Amino acid sequence: MRFRCAVLDDFQNVASTCADWSTLSDRVEVVSFAEHFATEDELAAALLDFDFVVTLRERVPFPDSLLDRLPRLKLLIASGMRNSVIDYAAAKAGGVTVCGTQSSSTPPVELTWALLLGLARGIVQENNALRDGGPWQSTVGADLHGRTLGLLGLGKIGSRVAQVGLAFGMEVTAWSQHLTKERADEVGVELASSQEELLANSDFISVHLALSDRTRGLLGAAELALLKPTAYLINTSRAAIVDQDALLAALHEGRIAGAGVDVFDVEPLPDNHPMRSAPRLLATPHLGYVSRANYARYYGQAVEDIQAYLDGAPVRVLG
C-alpha cells in the first residue's frame, strides 16, 4: 500500500529540498501545499485523501471536529515538541498518532534582535528613503548601550536574548510570575520586583513567554500605558499575550516609540488587517522559526517520524 502525506503551509516551496524524502518514495507520496487553508471546511476537503499530515508550528488547529472529518488520517506531525492547537485526546480516540520534531531556539533569538535593531536605527525607513530618492538621513537612532532591556520571560529564548543585550552593554532586567532571583543571577540579569516596574523602567521590552491562561492578555491597555513614550515593544512569542487593540491604539496615538511584531491574532494576515497599516510598526510574517537549519531539522525529522511509524515504532510521540 502506498500512503499519501500532505505538507501544510509550505509557503516558500522548500519542504521537498530541505530534507531527503527519497527514503520514503516507494511507500509514500508527498504533496506540499503552498496556500494556507483558512477554514476547517477547506482543510477537511484538502486533507480527506491523506494518511499523514505535516503541519508547521501552531498555525493550523486540529480540533476534534476536524479530526472526525479525516477518517483516513493515521499520523499527524507537528514541528516542535509542543503544540497547543492539536486535540490530543481526540487524535488518540480516532487512532491518530501525533509526533513532533526538535526545534532550535536560535532563529527566534536572532529575529528578535533583527526587529529590535531595525526599530532602534530606523533601518526600513532609511532604506526606503535611500532607494526612493527621499531625504538623506531623517531619523535619529535610539542607543542600546547603557539602556535598559526588559525581558518578559527568561527561559531558553529569553536567556539567550539577554546575553546579546549584555554584549551590547545594556542593563538587562527580567520578570515572569515564577522567575527567581537565583535564575536571574545565573543568567547575569537583574530581577524586576514586578511586571509594572519592568514595563515602566525599560527602554526596550521583549516578550518571551509561553501562551497560557495566565499570560493571555498579559499586556493590555493599562500595562502598555506604563511604557515610556520612547520605549519599544518586541513580540516574537505569541500574539495573544499582547492585547492587539491596545497595541494598535498605542501605536496610532504615539504613546510608544514603536513595536516589532512577528506574531498575529490571525495568520496569514488578511489584506485589510489593521496591523498591515499601523504606524511605528516593524512587522514580519511569523519568521521567528524560519531558517534553513531549522527547516532542515523540521522536515528531516518529519521523514524520520514517518519512517518510524511505518516500521511500527513511532518516535517523538506527543500527547
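# Two sheets and the residues around them

Visitor: Where should I start, and how many strands are in the sheet with the order 8-7-6-9-10-11-12?

Guide: Seven strands make up that open sheet, and their pairing is parallel; strands here are DSSP E runs of at least two residues and helices are H or I runs of at least four, both numbered from the N terminus, while two strands pair if DSSP finds at least two bridges between them. This is a predicted model, in which local features need pLDDT of at least 70 and side-chain atom pairs count only at pLDDT 80 or more, whereas totals for chains, interfaces and linings use all residues. Residues are numbered from 1 along each chain as its sequence is written, and side-chain values use heavy atoms, with hydrogens and water left out.

Visitor: Which strands are at the edges of that sheet?

Guide: Strand 8 (190-191) and strand 12 (281-283) are the edge strands, each pairing on one side only. Further in, strand 6 (residues 148-152) pairs with strand 7 (residues 171-175) in the parallel sense over five bridges, and Leu-152 has Trp-175 in strand 7 as its bridge partner.

Visitor: What does helix 4 touch there?

Guide: Helix 4 packs on the sheet and touches strand 6, strand 9 (204-207), strand 10 (232-235), strand 11 (258-261) and strand 12, where contact means heavy atoms within 4.5 Å. The direction of helix 4 makes about 155° with that of strand 10; axes are lines fitted to C-alpha atoms, for helices over the stretch in contact, and angles run from 0 to 180 degrees between N-to-C directions. Helix 6 (residues 156-167) lies across strand 6 and strand 7, running at about 175° to strand 6.

Visitor: Now Ser-105, is that one buried or exposed?

Guide: Ser-105 counts as buried because its relative accessibility is 9%; buried means under 20% relative accessible area, exposed over 50%, and partly exposed in between, with a 1.4 Å probe and protein chains only. Ser-105 is found in the loop between strand 5 (97-100) and helix 4 (106-120).

Visitor: And which side chain does the side chain of Ser-105 make a polar contact with?

Guide: The partner is the side chain of Arg-160, at 2.9 Å. A polar contact is a pair of N or O atoms within 3.5 Å; within protein, one must be able to donate a hydrogen and the other to accept it, and residues adjacent in sequence count only if both atoms are side-chain atoms. Beyond its neighbours within four places in sequence, Ser-105 is in contact with Lys-156, Ile-157 and Arg-160.

Visitor: What about the sheet with the order 2-1-3-4-5?

Guide: That open sheet has five strands with parallel pairing, and its edge strands are strand 2 (28-32) and strand 5. Strand 1 (residues 3-7) and strand 3 (residues 52-55) pair over three bridges, with Val-53 in strand 3 as the bridge partner of Ala-6.

Visitor: How many aromatic pairs are there in the structure?

Guide: There are eleven aromatic pairs; rings of Phe, Tyr and Trp (its six-membered ring) pair if their centres lie within 6.5 Å, and planes under 30 degrees apart count as stacked, over 60 as edge-to-face and the rest as tilted. One of them is the stacked pair of Phe-3 and Phe-52, at 5.1 Å centre to centre and 25° between the planes. Phe-3 lies in strand 1 and Phe-52 in strand 3, so this pair ties together parts 49 residues apart in sequence.
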